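Colleague: Please take a close look at a single part of this model, then set it against the rest of the chain. I would like the cut-offs stated as you go.

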Amino acid sequence: MTMIRKSVIIFSLLFLPLALKAQDDDFGIWTSLETRFGLSRKLSMDVTGSLRTYNNSSKIDEVFAEGGLNYKISKFLGVSASYRLTDRQEDNGDYYLRHKIYFAVRSSVSAGNFTFSGRLMYQRATKTYIEDDSDLSAVCDGRVKLKAYYNIPRFPVNPYVSYETFCRLTSGADRTVGKNRFSGGAELKINRRNSVELEYIFQRDYLPHLADESILSVNYKIKF
């Protein structure tokens, strides 16, 4: 229990300043159901559905379905590719489809009860809602995510913290870093196949203008 209390204190100290800063900004809730199907010892398939809200969680921002494949090269390294179909609210208030493809390289290493992981991702998004000529071109981003996970022995709840940055790769962008995310949460292992992640995310978006958002994320995971 001493370690649990320490984890709670560390988590609070890390994210309390961000939470206080975000009180005057927007708040949203993200919910998702993620299923993973083991196809072989090294190959698996993910299918995910998600709903995200904004405007103090009073409006739906987007709904998406995503499917992809993961290949485990070694104990420490893996690659993945996925496609996401999103129904998102655009500037005119209506919802239009967006298409996204992702390619990622993932790595992880364990040290005692800690697991440190990193992800390097390429993201390409295209719109079906066209306001001007710039919307005809795909928007490409590079994403870098770092995560530290602590496995509490003989206890089903395990805390983690993470940081992710989005770097705009499309030519003509106003700035290189388009978005930053600071996250902290915990995973509850229900059994060998089922788990739930409860997470707080502070997101700072720089494009098209500066905007902060506090997000409560609930993700249910199932493995087959």
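Modeller: Buried means under 20% relative accessible area, exposed over 50%, and partly exposed in between (1.4 Å probe, protein chains only). By that rule Thr53, the residue I will start from, is buried, with a relative accessible area of 9%. The model is predicted, so local features need pLDDT of at least 70 and side-chain atom pairs count only at 80 or more, while totals for chains, interfaces and linings use all residues. Residues are numbered from 1 along each chain as its sequence is written, and side-chain values use heavy atoms, without hydrogens and water.

Thr53 sits in strand S2, which covers residues 43-54 (helices, H or I of at least four residues, and strands, E of at least two, are DSSP runs numbered from the N terminus). The side chain of Thr53 comes to 2.9 Å from the backbone nitrogen of Ile29. Another polar contact, also given as 2.9 Å, joins the side chains of Thr53 and Ser57 (a pair of N or O atoms within 3.5 Å; within protein one must be able to donate a hydrogen and the other to accept it, and residues adjacent in sequence count only if both atoms are side-chain atoms). Apart from neighbours within four places in sequence, Thr53 is in contact (heavy atoms within 4.5 Å) with Gly28, Ile29, Trp30, Lys59, Ile60, Asp61 and Glu213.

The loop that follows S2 has a feature of its own. Asn56 lies in this loop, between S2 and strand S3 (59-72), and has a phi near 55°, a positive value in a residue other than glycine. Unlike the buried Thr53, Asn56 is exposed, with a relative accessible area of 54%. Arg154 likewise has a positive phi near 55°, and its place is in the loop between S7 and strand S8 (157-168). Arg154 is exposed at 84% relative accessible area. The peptide bond from Leu207 to Pro208 is cis, with omega near 0°, and Pro208 lies in the loop between strand S10 (194-205) and strand S11 (211-223). Most residues other than glycine have a negative phi, and most peptide bonds are trans.

Now the chain around this part. One helix and 11 strands make up its elements, and in sequence order the helix is followed by the strands, as α-β-β-β-β-β-β-β-β-β-β-β. Of the chain's 224 residues, 34% count as buried. Among contacts with a separation of 6 or more, 46% are between residues 24 or more positions apart.

Charged pairs also link the strands. A search of the whole structure finds 11 salt bridges (a side-chain nitrogen of Lys or Arg within 4 Å of a carboxyl oxygen of Asp or Glu). In one of them the side chains of Arg84 and Glu66 meet at 2.7 Å, N to O. Arg84 is in strand S4 and Glu66 in strand S3, so this pair ties together parts that are 18 residues apart in sequence. Arg84 is buried at a relative accessible area of 11%, and Glu66 is buried at 18%.

Glu164 takes part in two further bridges. With Arg119, the closest N and O atoms are 2.7 Å apart; Arg119 lies in strand S6 and Glu164 in strand S8, so parts 45 residues apart in sequence are tied together. Both residues of this pair, Arg119 and Glu164, are buried. The side chains of Arg143 and Glu164 meet in a salt bridge at 2.8 Å, N to O. This pair links distant parts of the chain, with Arg143 in strand S7 and Glu164 in strand S8, 21 residues apart. Arg143 is buried, as is Glu164. A network of salt bridges connects Arg119, Arg143, Glu164 and Arg181.

Strand S6 also holds Leu120. At 53% relative accessibility, Leu120 counts as exposed, whereas Arg119 is buried.

Finally, the cysteines. The whole structure contains zero disulfides (pairs of cysteine sulfur atoms within 2.5 Å). Cys140 counts as buried at 13% relative accessibility, and Cys167 is partly exposed, with a relative accessible area of 22%.
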